[in-house]
Amino acid sequence: MTVAILGAESTGKTTLCRDLAAHFGCPWVPEYMRTYLQEKWDNEQKTCTWEDLLPIAEGQTALENKLALQAQQTSGYLICDTSLFELMVYADWYYGNCPDALTNAALAHHYDLVLLTEVDIPWVADDLRDSPHEREDISARFAAELTRHHKSFLRIGGDREERVQQVVQWLEAFHS
């Protein structure tokens with residue numbers, strides 16, 4: 001069972017992924033874009049460009065596929081910190097467009113549960129985050145795009161413990 005956690009910057013996606021993976025004893029897929037862009041920043045002091053989108057998509061997909069095999073051997077859950085859908089939405093947000101190959105892959109990919117994190121935790125700055133005052137707008141864009149593309153999703157908010165318990169309840173209900 002695959003769970004994708006989407007949301008604006010600094011809304012607790014990675015923390016929730018780590019916590020869920022610990023709870024279920026399963027792998028979680030880190031956000032490949034963060035690793036890719038942090039290395040680019042550290043080496044060149046450059047941020048994301050249009051040309052980075054497809055390599056990021058390929059890296060995310062490869063990492064997800066690799067860890068999906070591990071998930072089959074553990075609890076059967078795979079927790080994904082972001083997805084190609086999130087990359088697609090951000091491409092449109094920042095560049096006004098998205099490569100067709102990325103859009104097609106993002107729309108074709110299926111997750112059993114898609115969660116959209118609420119903007120209810122404080123902003124934490126880092127080298128890559130750049131939109132502290134646009135999180136609500138970005139979150140609204142995610143919800144609109146998920147709805148427009150008929151992707152079912154649930155919103156997840158609250159403190160760290162509340163988020164984990166809510167997802168655990170949803171997954172238990174999903175299996176009953």
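A pocket, as I use the word here, is an open set of grid points with protein on both sides within 12 Å along at least five of seven lines. I worked throughout on a predicted model.

**Entry 1. The second largest pocket**

I looked up the volume of the second largest pocket first and found about 190 Å³ of space in it. I then asked which residues lie nearest the centre of this pocket. They are His110, Tyr111, Val114, Lys151 and Ser152, out of a lining of 17 residues. Two elements each give two or more residues to that lining, namely β1 (2-6) and β4 (113-117). Sorted by class, I recorded 10 nonpolar, 5 polar and 2 charged residues in the lining of the second largest pocket.

**Entry 2. The cavity**

I next searched for cavities and noted 1 of 30 Å³ or more in the structure. The volume of this largest cavity is about 60 Å³. I listed its lining as Glu31, Met33, Ile56, Gln60, Thr82, Ser83, Leu84, Glu86 and Leu87. The elements giving two or more residues to the lining are α3 and α4. Of the elements, α4 contributes the most, with 3 residues. I counted the lining of the largest cavity by class as 4 nonpolar, 3 polar and 2 charged.

**Entry 3. α3 against α4**

Since α3 and α4 both line the cavity, I turned to how this pair packs. Their axes are 10 Å apart, at an angle of about 165°. An angle over 145 degrees counts as roughly antiparallel, and α3 and α4 are therefore roughly antiparallel to each other. I noted the crossing of the two helices as right-handed. On the α3 side, Leu53, Ile56, Ala57, Gln60 and Thr61 make the contact, and on the α4 side Leu84, Leu87, Ala91 and Tyr95 do so. By class I recorded 7 nonpolar, 2 polar and no charged residues in the contact of α3 with α4. Ile56, Gln60, Leu84 and Leu87 belong to this contact, and I had also listed these four residues in the lining of the largest cavity.

**Entry 4. α2 against α3**

I then examined helix α2 (residues 32-44) with helix α3 (residues 53-73) and found an angle of about 130° and axes 8 Å apart. That angle makes α2 oblique to α3. The crossing in which α2 passes α3 is right-handed. Which residues of α2 meet α3? I found Tyr32, Met33, Tyr36 and Leu37 in α2, set against Pro55, Ile56, Gly59 and Gln60 in α3. This contact divides into 6 nonpolar, 2 polar and no charged residues. Met33, Ile56 and Gln60 take part in the contact of α2 with α3 and also line the largest cavity.

**Entry 5. α4 against α6**

Last, I looked up helix α4 (residues 84-95) and helix α6 (residues 135-148), whose axes come within 10 Å and cross at roughly 120°. This crossing angle makes α4 oblique to α6. I recorded a right-handed crossing where α4 passes α6. From α4, the residues in contact are Phe85, Glu86, Val89, Tyr90, Asp92 and Trp93. From α6, they are Asp137, Ile138, Arg141, Phe142, Glu145 and Leu146. How many charged residues does the contact of α4 with α6 have? I counted 5 charged residues, together with 7 nonpolar and no polar ones. Glu86 belongs to the contact of α4 with α6, and I had met Glu86 before in the lining of the largest cavity.

Conventions: Residues are numbered from 1 along each chain as its sequence is written. This is a predicted model: local features need pLDDT of at least 70, side-chain atom pairs count only at pLDDT 80 or more; totals for chains, interfaces and linings use all residues. Side-chain values use heavy atoms; hydrogens and water are left out. On a 1 Å grid over the protein atoms alone, a cavity is a set of points where a 1.4 Å probe fits but cannot get out, and a pocket is an open set with protein on both sides within 12 Å along at least five of seven lines; lining residues have an atom within 4 Å of a point. Grid points are joined across faces, edges and corners, and a volume is the space filled by probe spheres set on the points. Helices (H or I, at least four residues) and strands (E, at least two) are DSSP runs, numbered from the N terminus. Ala, Val, Leu, Ile, Met, Phe, Trp, Tyr, Cys and Pro count as nonpolar, Asp, Glu, Lys and Arg as charged, and the others, Gly among them, as polar. Axes are lines fitted to C-alpha atoms, for helices over the stretch in contact, and angles run from 0 to 180 degrees between N-to-C directions. Angles under 35 degrees count as roughly parallel, over 145 as roughly antiparallel, 65 to 115 as roughly perpendicular and the rest as oblique. A crossing is left-handed if the near helix is turned anticlockwise from the far one by less than a right angle, and right-handed if clockwise. Contact means heavy atoms within 4.5 Å.
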